[in-house]
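Trainee: I should like a close look at the internal spaces of this model. Please take the enclosed space and then the open one, and describe what lines each of them.

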Amino acid sequence: SAESMFLPAMYLTVLGFSIKQYMIERRGVMPHAVTLIGFYRGDGDEDGQEELSGTVEVSFDKRGANASPTTPTPPKECPYICNITVKKALRRRGIGWHLLKASEELISYMSSSRSVYLHCRMIDSAPFSMYKKAGYDIVKTDSSLILFLLRRRKYLMRKELPALSKPTDDETFSSMSRSESESLLSDQDMQKSLDED
């Protein structure tokens, strides 16, 4: 019927609007939170087009934390990784792993906290295995009562990142091209703005 065709189109319109509003809100908390975007090029496809493969959100501190966090609630002052998403057709190729590792590396540079948190739904066995392999441990589990709110139960997981040994500026700049060192300078400026807040 015409009504059943109209509902999915309306749903997609509302969903698209909601996502756009969410991204505008999250953009306002930079540099305290960022969204990383992953691209994929097929194996042996040197000249091929890269395609958007996944995204992940990272908040570095309480100023970048989501205003309405999911349960169980992570500490707002600690870095938090959320919404790791990989395009369905590109799953099981290590893209989620690379997004997770890129997030951890960025956190190592941008945050003085070594404790990193993330959530995993209890029914998602593949992501759960990936997080365990990456060194995350369960610190809290949603109450069964969350099911009455029609939500999936989740684990809150934590990992302690190793301390990052940073090379001196002289060592860094001598081995880099000009564009790489300019990029590092902007990263250092962003870190200074985080430290000042």
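Mentor: The following account treats the cavity, then its cysteine, and then the pocket. The model is a predicted one. A search of the whole structure yields one cavity of 30 Å³ or more, and the volume of the largest cavity is about 40 Å³. Its lining consists of R26, E57, V58, S59, G64, A65, N66, Y80 and C82. Two strands, β2 (51–59) and β3 (80–86), each contribute at least two residues to that lining; β2 contributes the most, namely three residues. By character, the lining of the largest cavity comprises four nonpolar, three polar and two charged residues.

One of the lining residues, C82, has a relative accessibility of 16% and therefore counts as buried, the cut-off being under 20%. C78 likewise counts as buried, because its relative accessibility is 11%. The structure contains zero disulfides.

The largest pocket encloses about 1400 Å³ of space. Its lining is made up of 42 residues, and those nearest the pocket centre are N83, I84, T85, H119 and Y131. Elements that each supply at least two lining residues are α1 (2–27), β3, α2 (95–110), β4 (115–121) and α3 (125–133). Among the contributors to this lining, β3 gives the most, with seven residues. The lining of the largest pocket divides into 20 nonpolar, 11 polar and 11 charged residues. Strand β3 thus appears in both descriptions: β3 supplies at least two residues to the cavity lining and seven to the pocket lining.

Notes: Residues are numbered from 1 along each chain as its sequence is written. This is a predicted model: local features need pLDDT of at least 70, side-chain atom pairs count only at pLDDT 80 or more; totals for chains, interfaces and linings use all residues. Side-chain values use heavy atoms; hydrogens and water are left out. On a 1 Å grid over the protein atoms alone, a cavity is a set of points where a 1.4 Å probe fits but cannot get out, and a pocket is an open set with protein on both sides within 12 Å along at least five of seven lines; lining residues have an atom within 4 Å of a point. Grid points are joined across faces, edges and corners, and a volume is the space filled by probe spheres set on the points. Helices (H or I, at least four residues) and strands (E, at least two) are DSSP runs, numbered from the N terminus. Ala, Val, Leu, Ile, Met, Phe, Trp, Tyr, Cys and Pro count as nonpolar, Asp, Glu, Lys and Arg as charged, and the others, Gly among them, as polar. A disulfide is a pair of cysteine sulfur atoms within 2.5 Å. Buried means under 20% relative accessible area, exposed over 50%, partly exposed in between (1.4 Å probe, protein chains only).
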